[in-house]
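User: I am new to this structure and should like to learn how its features are read. Could you guide me through them in order?

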Amino acid sequence: MMHRQGELTVDRMCYLARVSRASFYRYLGRKSPVEADMELRSQMQKLSVENRVYGYRRISAGLRRKGFAVNHKKVLRLMRADNLLVVRKRKFVVTTQSRHALPVYGNHVAGLALSRPNQLWVADITYIRLQNEFVYLAVVLDVYTRKVVGWALGRSLQTSLCITALERAITTRNPTTGLIHHSDRGVQYASQDYIQMLEVTGMVGSMSRPGCPYDNAFCESFIKTLKQEEIYCSVYTGLEDLEAHLVEFIDNYYNVRRLHSALGYRTPAEFERDGRGQLLSVVSKR
């Protein structure tokens with residue numbers, strides 16, 4: 001039976017309006033410009049997160065494979081606005097004079113044996129889609145305890161967001177010189193301001209190898225847990241509402257109440273308090 005709108009069938013309404021049924025159904029399925037742009041940006045950021053070495057041309061090709069009619073100029077503009085452009089590979093020269101000018105570190109975590117907290121921190125960024133905007137979360141995690149030691153939320157994907165997360169981690173943990181800080185090669189972590197902060201606090205910089213997502217798997221594992229157990233299960237009224245939920249999830253649940261299989265089904269807080277020397281974590285060679 002033909003669907004009715006009030007007392008008129010779709011066929012009758014199309015006849016009276018002098019439009020075809022195909023045009024009518026295309027109109028019903030059409031998204032508003034804002035919705036369409038949000039969906040495009042969501043897929044663009046998903047591709048950027050999953051393929052961290054992709055430039056704007058490969059992202060453009062990936063979007064077209066997903067059915068988006070978009071050219072590389074628009075993708076470049078959006079990626080530049082969201083700070084999603086990758087840093088080209090350059091050799092890092094360990095000298096006092098030129099170290100600050102060359103932002104890409106080598107990888108220092110493969111095969112590293114861990115025996116205590118504040119030995120290896122990993123950092124990462126993810127995006128969270130709200131109803132009408134994208135916001136960004138920067139995270140710093142202690143690999144030995146799996147505890148989130150610093151995080152920051154904001155509307156701008158700028159270096160300042162990552163610096164805020166790192167500052168909070170330093171303030172709460174007060175690490176000693178020699179802590180290894182590992183991240184991907186994103187522009188935020190390769191920026192001069194961020195590298196200077198690592199040097200001032202005596203941290204050893206380390207960055208993932210190009211095209212190797214496993215190097216930062218610990219932080220990505222937390223982000224996956226966060227999204228599955230909190231983000232995808234909730235609806236937020238805005239940035240402030242999301243931040244309040246993140247405080248509850250990260251600080252009051254994940255760090256102190258959620259059991260972690262890699263810690264012998266203890267919480268990060270419990271393992272940090274009671275588990276020193278009882279478990280040797282090893283970052284495997286890949």
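Analyst: The model shown here is predicted; the discussion below takes up its helix contacts and then its internal space.

User: In what terms should a pair of packed helices be described?

Analyst: Two packed helices are described by the angle between their axes and by the distance between those axes. A case to begin with is helix α6, residues 159–173, whose axis comes within 9 Å of that of α8 and crosses it at roughly 15 degrees. Angles under 35 degrees count as roughly parallel, so α6 is roughly parallel to α8.

User: Is the crossing of α6 and α8 left-handed or right-handed, and which residues meet there?

Analyst: The crossing of α6 and α8 is left-handed. On the α6 side, T159, C162, I163, L166, E167 and I170 take part, and they meet D193, Y194, M197 and L198 of α8. Sorted by class, the contact of α6 with α8 holds 7 nonpolar, 1 polar and 2 charged residues.

User: At roughly what angle do the axes of α4 and α5 cross?

Analyst: Helix α4 covers residues 56–65 and helix α5 covers residues 72–81; their axes cross at roughly 115 degrees and come within 9 Å. The crossing of α4 and α5 is right-handed. In this contact, Y56, R57, I59, S60, L63 and R64 of α4 meet H72, V75, L76 and M79 of α5. The residues of the contact of α4 with α5 comprise 6 nonpolar, 2 polar and 2 charged.

User: How are α9 and α10 placed relative to each other?

Analyst: The axes of helix α9 (residues 217–229) and helix α10 (residues 239–254) come within 12 Å and cross at roughly 120 degrees. The two helices, α9 and α10, are therefore oblique to each other. The crossing in which α9 passes α10 is right-handed. F222, T225, L226 and E229 are the α9 residues that meet L246, F249, I250, Y253 and Y254 in α10. By class, the contact of α9 with α10 has 7 nonpolar residues, 1 polar and 1 charged.

User: Turning to internal space, how many cavities of 30 Å³ or more does a search of the whole structure find?

Analyst: The search finds 1 cavity of 30 Å³ or more. The space in the largest cavity amounts to about 30 Å³.

User: Which residues line the largest cavity, and which element gives the most to the lining?

Analyst: The lining of the largest cavity consists of Y105, H181, S183, Y189, Y194, L198, G205, S206 and M207. Two or more of the lining residues come from each of β7 (180–183), α8 (192–200) and β8 (204–207). With 3 residues, β8 gives the most to this lining. By class, the lining has 5 nonpolar and 4 polar residues, and no charged ones. Y194 and L198 belong to the cavity lining, and both are also among the α8 residues that meet α6.

Key
Residues numbered from 1 in each chain as written. Predicted model: local features only at pLDDT ≥ 70, side-chain atom pairs only at ≥ 80, totals over all residues. Heavy atoms only, no water. 1 Å grid on protein atoms, 1.4 Å probe; cavity = no way out; pocket = protein on both sides within 12 Å on 5 of 7 lines; lining within 4 Å. Points joined across faces, edges and corners; volume = space filled by probe spheres on them. Helix = DSSP H or I, 4+ residues; strand = E, 2+ residues; numbered from the N terminus. Nonpolar A, V, L, I, M, F, W, Y, C, P; charged D, E, K, R; others polar. Axes fitted to C-alpha atoms, helices over the stretch in contact; angles between N-to-C directions. Parallel < 35°, antiparallel > 145°, perpendicular 65-115°, else oblique. Left-handed = near helix turned anticlockwise from the far one by under 90°. Contact = heavy atoms within 4.5 Å.
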